[in-house]
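Have a look at the model below, with its sequence alongside. We'll go through some charged pairs, a run of strands and a pocket.

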Amino acid sequence: MKPISRFDALCRCFAVAVVAGLVSALAAPALAATFGTVVPLGGQEADLALDETRGVLYAANFAGSRLDVVSLATLQANTALSVAPYPSSLAISPDAHFLLVAHFANFQAPTTAGNALTLIDLTSGGQQMFTLGDAPLGVAFGSDGLALVVTSTEFLLLDPLSGSIQVLNTISGVTANTLPVPPATFPPQISAASVAVSGDGNWIYGLTNTFYFRYDVRNQLISVVGYTSTPPQGPRVVSVSQDGSYFTAGWGLFSASGVLISQFANPSGALNVGSHAIDSVAGLIYAQIPQAQSSSGSSSTGPAPPILMVTDAENLTILDQLQLPENLAGKSLLNRARDTMFSISDSGIMILPVGSLNLYHRLQASLEDLLFLGNYCTPQAATQSVVISDPGGGATDFTISASVPGISVAPAVGTTPAIVQVTVNPQVFASQQGTVSAALQLSSQSAVNLPPAIRVLINNRAPQQRGTIVDVPGNLVDVLADPMRNRFYILRQDKNQVLVFDGTSFQQIATLATYNTPTQMAITFDQSSLLVGHDDSQLASAYDLNTLQPLPPIVFPPGHYPRSIASSGNATLAASRVAAPPNTIDRIDLVGRTAFTPTTLGPWENNININTVLSASPGGGSILAAMPDGNVMLYDATADSFVASRQDYQSLAGAFAASDYGFYVVDNYLLDSSLAPLGNLDASYGASSGFVFVAQNGVRTVVANPQSPGVIERVNPAQVQTMAPTATAEAPLTGQPGFAFTRTLAALSNGNAFVSLTVSGFTAIAWNYDASVAAPQIAQVVNAADFTPPVATGGLVTVWGTGLSPVNIATSEIPLPTALGESCLTVNGTPVPMLFVSPRQINAQLPFEVEGDASMVLYTPGGTSNILNFTVLPVAPSVFRSGVAGPQTGIPTVYRANSNQLVTNADPIHLGDAIVIYATGLGATTPPVATGFAASASVDAAAAVQPEVTLDGLTLPLYYADLAPSEVGVYQIKALVPGWAPTGMQLPLTISQGAASTTVTVRVIK
């Protein structure tokens, strides 16, 4: 969407255009249950005032010439106050002594206008009327006990004690609606205004058809901003935070100075449908913002069901969605306890117990995604589990269904909490070598919320496909590698986040909050800051890359939305969507934290396509601008000007990139330093997705369709030649409606890998992905605790060898995957869950189903390994040697239970201590835990063969020997060292199970 400006320190008015952008939304199934109770009142309400002192709510019944009085105790309207015709706005004084009513009776001649104010003394019941010459738009009391009255021509200040009215300021250029109006015109469309006060009473904000205003109660100062808006600023409601530091008006969230922080996506602009209220203590905004109908939508489907969004007050991220019994239709108020929201609705007043959500049935899933990595190791059906629960802990019915055949769920119908097993039949997807994306849809007859679907991703790769898939849920729209730091950044648009990943482990290390609908990132030329542009904010987010802490945002000119940003050695530029076209290239002042619009782009008009993207060359010498209508432009940092502009193509989409060597890429086209075409890159493998220059050469990704494998290939710009096309594990992402260009490929600064945004999240592709790969060789299998040969069923093992994986990668995914880093391992044909892979080492868990003579085989892109024969014992206890104390490493993992400190010579066991030993290889458990799954934190899984623990020959009393909660293949043994145990520096501590045993030495003192 698009408005607005910032408030002037003095009272000035100026016009700012406002336009809302369109963002498509996924339809969700209707639910049977709704949230909120409607109190029918008859007629149509125009405004609300909450009188908690008397336990009532006043509602201005516009055409009924009355104030409906709703009891907060009974939630019924048994009484009403008769007032003059057309009450349109209400305000109650801070001491609850007075109720002020504005009457919008702005009739055209010859009918006499009846614009007026009524002041009601709530203590005595007396009423006093004040005639107004102009239409009143709204009223509100400040903390000083005076009432601000906004008319179509003036700001007035009413003293309820004396009845005096003074003029604070005048308003120019406002035309109020006149009566009568056509049928089916609602009160918000008639008065077309809303006024609200901050919780502390020190700030009053208002919204009309033509201006916003802010009133500083303590200093009696008015600031005004004129605006135009497409669609209109609806719903016609204003909500203010407790301290007045931010407010919502219509479909926008604004700072106190009037800067548009974020806006709700795709609003219809209806003045009389929807509402919002701010709970600034909890950092939440409750809002119903009706969506604009898609141009392709059928009117026969009728309006969408009314949904109350629970959003983050910082950036409007949607946290939950609740189905309402009917539309909200005007002002909303929160009570002092912030647990009840009162809203005007279609039939009267709706009571929304927002503080008691946990008492209502809701559904949530424990996972956003389920990724099934099929491969040449696992031809059998794969099963994963997801927990369906009610956030409030209640028993809530649910139904879960899959969007495509080949996916089964059990139970498909149940009551929360429930563990649902999701099984994929590999035969159904056997012909797919890319990733199939499906959905599990949740529904309920009693839940009031709309739970998001669970994404199911099914990948069946062939051995020649390169890359390691890392599941990252959400709508991912941009990836950027840090040129100085060993990490990379991904934009998750649906959650308004920058996800920060380590460049070696590919693990997420931080999450940074953006404003609404982030679109593209840029790193400043000094490599100290990360900037993020947005489609629904007139700010660019900024972060310190050394600390990953937020910096003050960049404030753009009114109505400018920075979608794409690039930083050169001389300027940081942004391609902005502008509320009132033309759309422009803006220039960022990093010191002043603002942006401004250059008059021209060199000799060319500053008038760009709305979907323009920018890309800076790595050395900062130039910035490429590419537009979907075929236009390309080039900014030269030395000249500090745009030096080239061409349109040689009818349309452009896909990848875009700039090099330091005079080459530029847009779509499948290679351009020179004048942006003249040098030639076309091979398009036989599909549409372009990502491109990155590496020194004087390039690497790109292309894709035929989302279900196929992608292709990565090297590019020689000098020869206009592509080389070594190689299939990737899954397809890279392609453009979306309104966002034709894609930046989906990044080259990590450590030279370890390329990161490609793909269907499931991202795929890490080895830097030398096209090099010949040697066949893997397995040399030895040992237990992962002390690296000795005895291994046991269900135990953790380490596999040594060469060529075991093309990349280093670890996983924290539970259950553990059976394919990791392009490698998969089998024992007796059974897939082995893996924790870590590298060229020389694999850490994995032996299946509980395997015992006795065993054969291990490893599959990688280099081929099939040798067969290693070894023996799997039923039990083979071994204590981990992963303890660290200062410079000392390799210490046995024995801990003093009372202090949770590692046992060392400096911190020995004391007589009477309980000790906890962490080990692997203790074999089967009761109850059993499935291979690859973590032990439950609530149900003990005891070793089926209980061990004996001795200290220098003395048997220690045993508390338990179980799988460690939330760990895979790790056991914990708790034993007591009695007061009569031996003492000494190097006493043998032995764990025995049947004929198997292991020994470590410990120090014991009195």
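Which side chain does Arg-54 meet in a salt bridge? The partner is Asp-51, with N and O 2.8 Å apart. Keep in mind that this is a predicted model. The two ends of the pair sit in rather unlike surroundings: Arg-54 is partly exposed because its relative accessibility is 34%, between the 20% and 50% cut-offs, while Asp-51 has a relative accessible area of 1% and is buried.

**Salt bridges**

The whole model comes to 22 salt bridges. Here are three of them.

| Pair | Closest N to O distance |
|---|---|
| Arg-54 and Asp-51 | 2.8 Å |
| Asp-482 and Arg-485 | 3.1 Å |
| Arg-714 and Asp-770 | 2.8 Å |

In the Asp-482 and Arg-485 pair, both residues are buried. Now for the pair of Arg-714 and Asp-770, which form a salt bridge at 2.8 Å. Arg-714 belongs to strand E63 (residues 711-716), and Asp-770 to the loop between E67 and strand E68 (777-783), so this contact ties together parts 56 residues apart in sequence. Asp-770 has a relative accessible area of 33%, which makes it partly exposed. There is also a network: Glu-368, Arg-492 and Asp-494 are joined by salt bridges that share partners.

**Strand E66 and its neighbours**

Strand E66 covers residues 753-758, and six of its six residues are buried. Ala-753, Val-755 and Leu-757 point one way, with Phe-754, Ser-756 and Thr-758 pointing the other way.

What does E66 pair with? On one hand, strand E65 (residues 745-747) runs antiparallel to E66, joined by three bridges. On the other, strand E67 (residues 761-766) pairs with E66 in the antiparallel sense over six bridges. Ser-756 turns up in both pairings: Leu-745 is its bridge partner from E65, and Thr-763 stands opposite in E67.

Both connections are hairpins. Five residues lie between E65 and E66, and Gly-751 in that turn has a positive phi of about 65°. Two residues make the link from E66 to E67.

**The second largest pocket**

Finally, the second largest pocket holds about 1100 Å³ of space. It is lined by 41 residues, and those closest to the centre are Val-197, Ser-198, Gly-199, Leu-333 and Leu-334. Several strands supply at least two lining residues each, among them E2 (45-51), E14 (194-197) and E26 (328-334). By type, the lining divides into 21 nonpolar, 13 polar and seven charged residues.

Technical notes
Residues numbered from 1 in each chain as written. Predicted model: local features only at pLDDT ≥ 70, side-chain atom pairs only at ≥ 80, totals over all residues. Heavy atoms only, no water. 1 Å grid on protein atoms, 1.4 Å probe; cavity = no way out; pocket = protein on both sides within 12 Å on 5 of 7 lines; lining within 4 Å. Points joined across faces, edges and corners; volume = space filled by probe spheres on them. Helix = DSSP H or I, 4+ residues; strand = E, 2+ residues; numbered from the N terminus. Nonpolar A, V, L, I, M, F, W, Y, C, P; charged D, E, K, R; others polar. Buried < 20%, exposed > 50% of the residue type's maximum accessible area, 1.4 Å probe, protein only. Pairing = 2+ DSSP bridges. Salt bridge = Lys/Arg side-chain N within 4 Å of Asp/Glu carboxyl O.
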